[in-house]
Amino acid sequence: MRMIFKVSYYVRSNYENKQGKSPLMIRIYLNREMLTVGSSGLNVDKKLWCNATSRMKGRTQEALCINAQLDEISTSFQEIFKRYEKDDDLTLEKIKSIYLGKDKIKTTFLEYYDGFLEELQAQVGTVKTKATYYKYLGTKRHFENFLRYKYRRKDLMPKELTHLVISDFEIYLRTVANLKVNSSTKTLKFFKTVVKHAQRTSFIIHDPFMNHHFQTEYVDRGFLTDEEIKCIMEKEFATARLEAVRDIFIFSCFCGLAYIDVANLTQDNIVTLNGKKWIMTTRQKTKVPSNILLLDIPAMIIEKYRGRTKDGKLLPILSNQKMNSYLKEIGDVCGIKKNLTYHLARHTFATMILSKGVPIESVSKMLGHTNIRTTQVYARITNKKIEEDMLALAGKLDNFNDSINQIKK
């Protein structure tokens with residue numbers, strides 16, 4: 001006999017909170033049997049509740065949010081039913097017990113997150129980097145601070161992690177934590193990865209990110225013009241420290257490698273093919289090969305520091321923090337108002353060679369991008385390139401000169 005399972009909700013009419021709202025209760029049905037599970041954790045205005053549909057009336061933001069959360073609860077119950085449908089001992093009490101987590105050891109969400117971090121830390125140095133670990137750790141700290149600020153809580157049980165909590169967390173990141181839109185979205189995506197991991201292990205049996213849309217804003221990544229690059233190259237510095245930072249920055253302006261990939265370069269990464277020298281490496285971030293023809297300027301910089309580095313490294317690079325600090329000093333000395341960071345060199349390389357006519361497919365390969373859409377953010381058209389293109393066009397319009405005299409009349 002095929003079993004029929006259903007979830008419904010009703011308003012507890014004999015109680016109202018300070019806002020005049022009543023708790024929504026959960027009932028589940030298996031064939032002809034019925035069982036009250038308890039509170040859903042949601043409160044509604046009785047006048048806006050429809051018993052026939054077990055949902056709130058109207059299309060207000062509150063109604064849509066409450067109904068979406070009820071859909072999540074219903075989905076969780078249906079998933080439990082489908083998972084145990086063929087068990088001979090399946091009862092409403094068993095479904096209720098599984099939903100409430102009484103059949104498992106009581107583990108909170110942040111305790112689960114700690115276990116996730118331990119697994120991640122064990123992979124550092126092999127398939128994961130320290131930077132990745134610290135990003136997930138930072139996300140956890142944001143969530144802990146959010147729980148204290150918003151709910152006066154230190155932790156949540158897995159079933160309490162609802163879509164509403166995710167929405168509140170996003171608002172917190174953008175307001176209280178003061179993160180920009182893209183930074184808050186990145187943090188939420190790290191958080192979602194942990195939630196997905198919890199779903200795969202059946203620790204969470206619902207999807208709090210259902211119907212959640214991530215938002216991003218276009219960011220002008222910035223780049224240096226040819227004149228600004230020349231200014232930095234021609235500047236004489238009073239200290240060897242600033243000169244070395246300048247040289248390594250210019251190196252990346254003409255090869256496009258990110259900081260960590262330059263830091264990892266050794267003589268083994270310089271390969272000669274058909275009489276030409278190439279930088280051949282694999283990006284630490286994406287594990288994608290990046291092969292770049294070694295131009296004269298970066299080749300001269302490599303030669304300048306030959307025998308002056310430690311641990312077999314190609315260049316005497318400092319920590320990323322120190323490099324960026326000294327680059328700000330270089331920017332001030334050179335009168336460049338832009339925010340000079342080491343990563344700006346990579347943006348400069350991409351923009352410069354695209355504007356000089358190198359095909360975007362070649363640029364994508366050199367940058368080690370996994371998707372050409374990533375490269376397309378650099379495909380901006382500079383005023384200088386527009387000027388050069390229009391002058392080239394003007395030279396091809398000479399056959400119209402005879403017609404100009406007629407227009408002048």
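**Exercise 1. In this predicted model, find how many bridges join strand 2 to strand 3, and whether the two strands run parallel or antiparallel.**

Solution. Start by locating strand 2 at residues 22-30. Next, follow its pairing with strand 3: there are eight bridges, and the two strands run antiparallel. For one concrete pair, look at L30, whose bridge partner in strand 3 is E33.

**Exercise 2. Work out the strand order of the sheet that holds strands 1, 2 and 3, and say which strands stand at its edges.**

Solution. Step one is the order: this open sheet reads 1-2-3, with antiparallel pairing. Step two is to ask which strands have a single partner. These are strand 1 (5-11) and strand 3 (33-44), so each has one side without a neighbour in the sheet. Step three is the turn between neighbouring strands, which averages 25° when direction is ignored.

**Exercise 3. Which strands do helix 1 and helix 2 touch, and what angles do the helices make?**

Solution. Take helix 1 to begin with, at residues 61-84. It packs on the sheet and touches strand 1, strand 2 and strand 3. The direction of helix 1 makes about 145° with that of strand 1. Now move on to helix 2, residues 92-100, which also packs on the sheet and touches strand 1, strand 2 and strand 3. For helix 2 the reference is strand 3, and the angle between their directions is about 30°.

**Exercise 4. Build up the sheet of strands 6, 7 and 8 from its pairings.**

Solution. Begin with strand 6 and strand 7: they run antiparallel and are joined by four bridges. A pair to find on screen is V271, with W278 as its bridge partner in strand 7. Then add strand 8, which pairs with strand 7 (residues 276-282) in the antiparallel sense over five bridges. Here T282 has P289 of strand 8 as its bridge partner. Put together, the three strands make an open sheet in the order 6-7-8. Its edge strands are strand 6 (270-273) and strand 8, each pairing on one side only. From one strand to the next, the twist averages 35°.

**Exercise 5. Which residue takes a positive phi in the hairpin of strand 7 and strand 8?**

Solution. Go to the connection, which has six residues between the strands. Within this hairpin, K287 takes a positive phi near 60°.

**Exercise 6. Sort the residues of strand 8 into a covered and an uncovered face.**

Solution. Recall that side chains in a regular strand alternate between the two faces of the sheet. Now walk along residues 289-293: S290 and I292 lie on the covered face, while P289, N291 and L293 belong to the uncovered one.

Notes. Residues are numbered from 1 along each chain as its sequence is written. This is a predicted model: local features need pLDDT of at least 70, side-chain atom pairs count only at pLDDT 80 or more; totals for chains, interfaces and linings use all residues. Side-chain values use heavy atoms; hydrogens and water are left out. Buried means under 20% relative accessible area, exposed over 50%, partly exposed in between (1.4 Å probe, protein chains only). Two strands pair if DSSP finds at least two bridges between them. Axes are lines fitted to C-alpha atoms, for helices over the stretch in contact, and angles run from 0 to 180 degrees between N-to-C directions. Contact means heavy atoms within 4.5 Å.
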